[in-house]
Structures are given as structure tokens and as C-alpha cells.
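Here is a short tour for anyone meeting this structure for the first time. Have a look at the fold, then read on for some spots worth zooming in on.

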Amino acid sequence: LFQILFLCALIHGIQIWIRRFLAGVSHVSHLMVGPFLSALSQAVFKKNDRDFEELLSALQVVYGLDEPVKAKRWVTTKHILLRVRRQILGPLELRQRVLLVKLAFELVENDGVKLAGEKWERIWELQMVHVDNGCLSDPPSVELYMEKRQSPIKSPAGLSHPIPEWDGFRGSNGNERSHLELDLALKGSSCRAGLGNAAMKFTVHRMTQRRLQDNYSLPSLPNTDISILKA
């Protein structure tokens, strides 16, 4: 049960973390809010290099290209979602990637209105604490993907080349699946959505404690603060 809650909390925690940056923009309807959140998401999630190279090699074969780099024009969003695993790097590398987004967007404006609002710097300061503590980074002991099957990449000419198709907790499908897994784990007439949300909050609380203890050698904290379940 804890592993299911851990995965649920991991998914929802990252989504919530990205959305928190909206508190730092000048207005949520600003034209650059969408590109900003998209760039932030791309900075957080890094494509698995080996999977991407394998995808390019498969596209090279089916389209008869002389080198893999030319296959990039044939890569689709569906290819990335099904064939390429994503990972969240360690605190140092993640910090560098995320701060590049900050530098790229803090001076951006539309019709004279900057994307960065009055709370921009404060929000970034608060959210980077989670990056530095390793709260967002993939835990090395938890496997977020499993190989679903070997399925072919096909070209319009009918040529095909099989490569792995991955199934994981990343993305909207994984998000919905995490809810399903949680519902299956918490059986009973009294186990409603509120209990599931409370359980995930408590799991995030435990995850934060563990990361702080691992990174700063802090003593074990007692689980007496039940107020988090009421938040």
C-alpha cells in the first residue's frame, strides 16, 4: 500500500509543484503562461537518452535514412509517450535545468506587461528548496516504468522495426491509473476520495521527512503532526 501511495504522491507532487509557479506570474491569463509552464515541465522531465537513440535508429531503418539524426523529423509526440521513458534528474542537474527556464522567462513581456509578477523571486526561492532537497528527483530504488511489449515502428511504405513500448506512471494515463490502484488498495464503504487524498498528503509528509533525514542527517521525526491530513 505504501508503494502505491508513494507513486501517487510522486506524480501529484510534481504537478502541484509546477502549478505553484502561477502565484509568481503577473496574471494567470498572460499570453506567456502556457509556454512558461511547458518549458518548466520539459526542464523537469528529461528524456532517456538510450530510449531516444533507439527510437531514432528504428525510424532510420523504416524510412531508409543514412544516419539517425535525420530521423528526428519523423519523431511524433506519440512516439515519445510510448517509446521513451522520462526521468527527473538529481538536485544539482535539475536545479541547473530549471534555473535556465527562469532566466529565459523573467524578462519576457507581452504588450508591455512582464510575465514575472511581484512575487516572482519569492515563489522561485520557495520552490527551489524542494529541488535542492531532492524532493522532486526520481528515487533510485523505485522503478517507474516497465516494458509493456515489443511493438513495431512502421513507415507508410510498410517497413517496420520492433522496439520496446513502455508503461509507467508518467503522464495523464499514469495519473489516472494511480487513482485506480489507490481505489483498489483501499477497499471498503468508508474509503472515499477524501481518505485517498489524506493518505497521499500523509505520504508526501513522510517522503519529505525521509529526504531531509537522508540529505541532512536529521534525527527521525515522530509522526504526531496529523494536522497535515486536515489541510
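## Aromatic rings

Before we count anything, here is what makes a pair: rings of Phe, Tyr and Trp (its six-membered ring) pair if their centres lie within 6.5 Å, and the angle between planes sorts them, with under 30 degrees called stacked, over 60 edge-to-face and the rest tilted. Searching the whole structure on that basis turns up 8 aromatic pairs. One of them joins Trp 17 and Phe 21, with centres 4.9 Å apart and planes at 85 degrees, so the pair is edge-to-face. Both partners are tucked away: Trp 17 is buried at 2% relative accessible area, and Phe 21 is buried at 1%.

Another pair is Trp 120 with Trp 124, and this one is tilted, at 5.8 Å centre to centre and 55 degrees between the planes. The two share helix H6 (residues 120-132), where they sit 4 residues apart, about one turn of the helix. Are they buried or exposed? Trp 120 is buried, with a relative accessible area of 3%, and Trp 124 is buried too, at 2%. Zoom out a little and you find one aromatic cluster made of Trp 17, Phe 21, Phe 36, Phe 105, Trp 120 and Trp 124.

## The chain as a whole

Keep in mind that this is a predicted model. The protein chain has 8 helices and 6 strands. Reading from the N terminus, the elements go α-α-β-α-α-β-α-β-β-α-β-β-α-α.

The chain has 231 residues, and 38% of them count as buried. Among contacts with a separation of 6 or more, 68% are between residues 24 or more positions apart. As for the outside, the chain exposes about 13,800 Å², with carbon and sulfur atoms supplying 56% of that area.

## Helix H3

Now for helix H3, which covers residues 49-63. How far should its 15 residues span? At 1.5 Å a residue the expected span is 21 Å, and the end C-alpha atoms are 21 Å apart, so the two agree. At the N-terminal end, Asn 48 acts as a cap: one of its side-chain oxygens lies 3.1 Å from the backbone nitrogen of Arg 50. After the helix comes Gly 64, with a positive phi near 65 degrees.

Quite a few residues of H3 are hidden, namely Asp 51, Phe 52, Leu 55, Leu 56, Ala 58, Leu 59, Gln 60 and Val 62. What covers them includes strand S1 (46-47), helix H4 (77-83), strand S5 (145-154) and strand S6 (160-168).

## Two arginines over rings

Arg 85 ties in with that helix. You'll find Arg 85 in the loop between H4 and strand S2 (86-87). With a relative accessible area of 14%, Arg 85 falls under the 20% cut-off and therefore counts as buried. Its side chain makes a polar contact of 2.7 Å with the side chain of Asp 51, one of the buried residues of H3.

The charged end of Arg 85 also sits over the ring of Trp 166, 3.8 Å from the ring centre. Setting aside neighbours within four places in sequence, Arg 85 is in contact with Lys 46, Lys 47, Asn 48, Arg 50, Asp 51, Tyr 145 and Trp 166. A charge over a ring turns up at Arg 73 as well, whose charged end sits over the ring of Trp 74 at 4.8 Å from its centre.

## Around strand S4

Which strand holds Lys 114? Lys 114 belongs to strand S4 (residues 113-114), and at 39% relative accessibility it counts as partly exposed. Ser 26 is 88 residues away from Lys 114 along the chain, while their C-alpha atoms are separated by 6.8 Å. Not counting residues up to four places away in sequence, Lys 114 touches Ser 26, His 30, Leu 107, Val 108 and Glu 109.

Just one more stop. Asp 111 lies in the loop between strand S3 (109-110) and S4, and is exposed at 74% relative accessibility. Most residues other than glycine have a negative phi. Asp 111 isn't a glycine, yet its phi is positive, at about 55 degrees.

Notes: Residues are numbered from 1 along each chain as its sequence is written. This is a predicted model: local features need pLDDT of at least 70, side-chain atom pairs count only at pLDDT 80 or more; totals for chains, interfaces and linings use all residues. Side-chain values use heavy atoms; hydrogens and water are left out. Buried means under 20% relative accessible area, exposed over 50%, partly exposed in between (1.4 Å probe, protein chains only). A charge sits over a ring if NZ of Lys or CZ of Arg is within 6 Å of the ring centre and within 35 degrees of the ring normal. Contact means heavy atoms within 4.5 Å. Accessible areas come from the Shrake-Rupley method with a 1.4 Å probe; for residues, only the protein chains shown count as cover. The expected span of a helix is 1.5 Å times one less than its number of residues. A polar contact is a pair of N or O atoms within 3.5 Å; within protein, one must be able to donate a hydrogen and the other to accept it, and residues adjacent in sequence count only if both atoms are side-chain atoms.
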